[in-house]
Amino acid sequence: MKKVIFILQLVCMFGSLLATTDTLFFDVSILGVRCAKVELIENILDDDRVEIVYHAYTVPPFLKLSPTDNWYYYYTNREYSHLDSLRKIIKDKDVRQNYSEIMSNETVIYNNDHVQKHNKPLHHILTSLAFFEHHPEAIQSGYDLAFDISDEGDFYHQEIKVKYNERKAQDEIYFSFKHIGGKEYIKETDVFNWMICAGNGTRMLAYSRRDGKIIEGAFSLGWGGLHLRAKRIIKP
């Protein structure tokens, strides 16, 4: 009986995925030293939604210093115009979290016990990155984005400036955020989310002119702070 149930689960899982895009792989370095890997996967679901998955985990020598194995699941519509829900499962050295948000009817529900209102479509910064992959027409300085950014209770207006790097044949998007409302829901976030969303330093993602995919990124926490870089790698 258990075998039958297991087979049915596999069939259901297979049936829920109509197509899967190629997985993107990134090496992440901090202060010039490779510290982690990130996998980015997009699945098209049979309910006309897209599942965007980020898997971030540390590698030696950082594996012993700060063991991390984090999974981030985001769900958007097929047009990537807004976020429907998210879930993250965090296993940092000092943090364990199973966190979720549901967005519906201008309402955000956090872990099913806290509610906030917001009258504009929302993305997380990590899903807004996928939005630009699928909407290259938006990659231009000052583009009026139809969504705001949600970060664990806080809401931000996102602005972009774009520079074309001719040598690398890539568009480099520089992100800035203005706090417009909301209230921080969780006090202690994971290090990956913190490095990307915190502070007033550089936030840059580059998109290849060849395939439109993310090719590299750079994040810092301001002058003299930590610097995190990601570089896409091609696996054979």
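Strands are DSSP runs of E with at least two residues, helices are runs of H or I with at least four, and both are numbered from the N terminus. The loop that holds His118 lies between two such strands, β9 (114–117) and β10 (122–123). The model shown in every view is predicted.

**Figure 1. The whole protein, with four helices and 16 strands.** The protein has 236 residues, and 48% of them are buried. Its accessible surface comes to about 13,100 Å². Carbon and sulfur atoms account for 57% of that surface. Contacts also reach along the chain. Among those between residues at least 6 apart in sequence, 50% join residues at least 24 apart.

**Figure 2. The β5–β6 hairpin.** Strand β5 covers residues 69–77, and strand β6 covers residues 83–91. The two run antiparallel and are joined by six bridges. Tyr72 stands opposite Lys88 of β6. Five residues lie between the strands. In this turn, Tyr80 has a positive phi of about 60°.

**Figure 3. The β6–β7 hairpin.** Strand β6 also pairs with β7, which spans residues 96–104. Seven bridges join them, and the strands run antiparallel. The hairpin connection is made through four residues. Lys91 stands opposite Arg96, a residue of β7.

**Figure 4. Helix α3 and its enclosure.** Helix α3 spans residues 125–134. Nine of its ten residues are buried, so the helix is largely enclosed by the rest of the structure. Among the buried residues are Ile125, Leu126, Leu129, Phe131 and Phe132. Thr127, Ser128 and Glu133 are also on the buried list, as is Ala130. An α-helix has 3.6 residues a turn, so residues three or four places apart point the same way.

**Figure 5. Thr127, a residue of helix α3.** How buried is Thr127? Its relative accessible area is 0%, and buried means under 20%, so Thr127 counts as buried. Which residues touch it, leaving aside neighbours within four places in sequence? The contacts of Thr127 are Ile52, Tyr74, Thr76 and Leu83. Tyr74 and Thr76 fall within the residue range of β5, and Leu83 falls within that of β6. His82 is 45 residues from Thr127 in sequence. In space, the two C-alpha atoms are 8.6 Å apart.

**Figure 6. His118, in the loop between β9 and β10.** His118 has 11% relative accessibility, so it counts as buried. Its contacts, not counting residues up to four places away in sequence, are Glu106, Asp148, Phe155 and Ile180. Glu106 is twelve residues away in sequence. The C-alpha atoms of His118 and Glu106 are 5.2 Å apart.

**Figure 7. The largest pocket and its lining.** The space in this pocket is about 310 Å³. Rolling a probe the size of a water molecule over the atoms shows where empty space is left. The lining of the pocket has 17 residues. Cys35, Ala36, Thr58, Val191 and Leu228 lie nearest the centre. Which element supplies the largest share of the lining? That element is α4, with four residues. At least two lining residues come from each of β2 (24–30), β3 (33–45), β4 (49–58) and α4 (191–197). By class, 14 of the lining residues are nonpolar and three are polar. None is charged.

**Figure 8. A cis peptide bond at Pro60 and Pro61.** The bond from Pro60 to Pro61 is cis. Its omega is near 5°. Pro61 sits in the loop that runs between β4 and α2 (62–65).

**Figure 9. Asn105 and Ala169, each with a positive phi.** Asn105 is not a glycine, yet its phi is near 50°. Its place is the loop between β7 and β8 (107–110). Is Asn105 buried or exposed? The relative accessible area of Asn105 is 69%, so this residue is exposed. Ala169 is likewise not a glycine, and its phi is about 55°. It is found in the loop between β12 (154–165) and β13 (170–182). The relative accessibility of Ala169 is 16%, so this residue counts as buried.

How values were computed: Residues numbered from 1 in each chain as written. Predicted model: local features only at pLDDT ≥ 70, side-chain atom pairs only at ≥ 80, totals over all residues. Heavy atoms only, no water. Buried < 20%, exposed > 50% of the residue type's maximum accessible area, 1.4 Å probe, protein only. Contact = heavy atoms within 4.5 Å. Areas by Shrake-Rupley, 256 points an atom, 1.4 Å probe, with all protein chains shown as cover. Pairing = 2+ DSSP bridges. 1 Å grid on protein atoms, 1.4 Å probe; cavity = no way out; pocket = protein on both sides within 12 Å on 5 of 7 lines; lining within 4 Å. Points joined across faces, edges and corners; volume = space filled by probe spheres on them. Nonpolar A, V, L, I, M, F, W, Y, C, P; charged D, E, K, R; others polar.
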